[in-house]
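Visitor: I'd like a close look at one part of this model, please. Take me through it slowly.

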Amino acid sequence: MKCISMIIAGAMALAMPLNAKVVKRYASTPDATLAVVVDSIDFRKDLTRIYGKFTGTPHTSNRVDSAILKSGKQTYNGNDIDGVDFKRYFQWEDDGCILVEIDFPAMKQFKFARLHLSTPRGESVTNLTRK
């Protein structure tokens, strides 16, 4: 009986990623406040995750207090960030890059959106455009 349960659980775990749609055809135009380069966007049933990196001057610091994604008339608040923490200073290492993942509520794919990051140095706005 345990064997059958394990097989069913394994099959469910393998089927879960099939619901996600990772789109890698997005171009980002970073600004001078905080340069964000977006690699891909994962549109899932339960969340939307933006994969990218922050770039900056090595051995300097910055902080991200909040993230907002605006697509059309819709506004989505970021609810989690990995790679750095909201409202906590971070420092760039020698290469000046930090890989990040920013989670937002589930949404439909978009052709254009703006990623707004609130920092102590002002607001950073990155345009996201599907190629």
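Is Phe-110 buried or exposed, and with what relative accessible area?

Guide: Keep in mind that we're looking at a predicted model. Phe-110 is buried: its relative accessible area is 4%, and the cut-off for buried is under 20%. Now look at the ring beside this one. Phe-110 makes an aromatic pair with Tyr-26, with 5.3 Å from centre to centre and 55° between the planes. Those planes are neither under 30 degrees apart, as stacking would need, nor over 60, as edge-to-face would need, so the pair goes down as tilted. Tyr-26 is buried as well, because its relative accessibility is 3% and the limit is under 20%.

Now trace the chain between the two. Tyr-26 belongs to strand S2, which covers residues 26-29. Phe-110, for its part, sits in the loop that runs between strand S10 (97-104) and strand S11 (112-119). The two residues are 84 residues apart, so this pair links distant parts of the chain.

There's a third ring to bring in here. Phe-43 joins Tyr-26 and Phe-110 in one aromatic cluster. If you want to go on to the rest of the model's ring contacts, the count comes to four aromatic pairs, and the tilted one between Tyr-26 and Phe-110 is among them. So, back to your residue: Phe-110 is a buried ring, at 4% relative accessible area, and is part of a cluster with Tyr-26 and Phe-43.

Methods. Residues are numbered from 1 along each chain as its sequence is written. This is a predicted model: local features need pLDDT of at least 70, side-chain atom pairs count only at pLDDT 80 or more; totals for chains, interfaces and linings use all residues. Side-chain values use heavy atoms; hydrogens and water are left out. Rings of Phe, Tyr and Trp (its six-membered ring) pair if their centres lie within 6.5 Å; planes under 30 degrees apart count as stacked, over 60 as edge-to-face and the rest as tilted. Helices (H or I, at least four residues) and strands (E, at least two) are DSSP runs, numbered from the N terminus. Buried means under 20% relative accessible area, exposed over 50%, partly exposed in between (1.4 Å probe, protein chains only).
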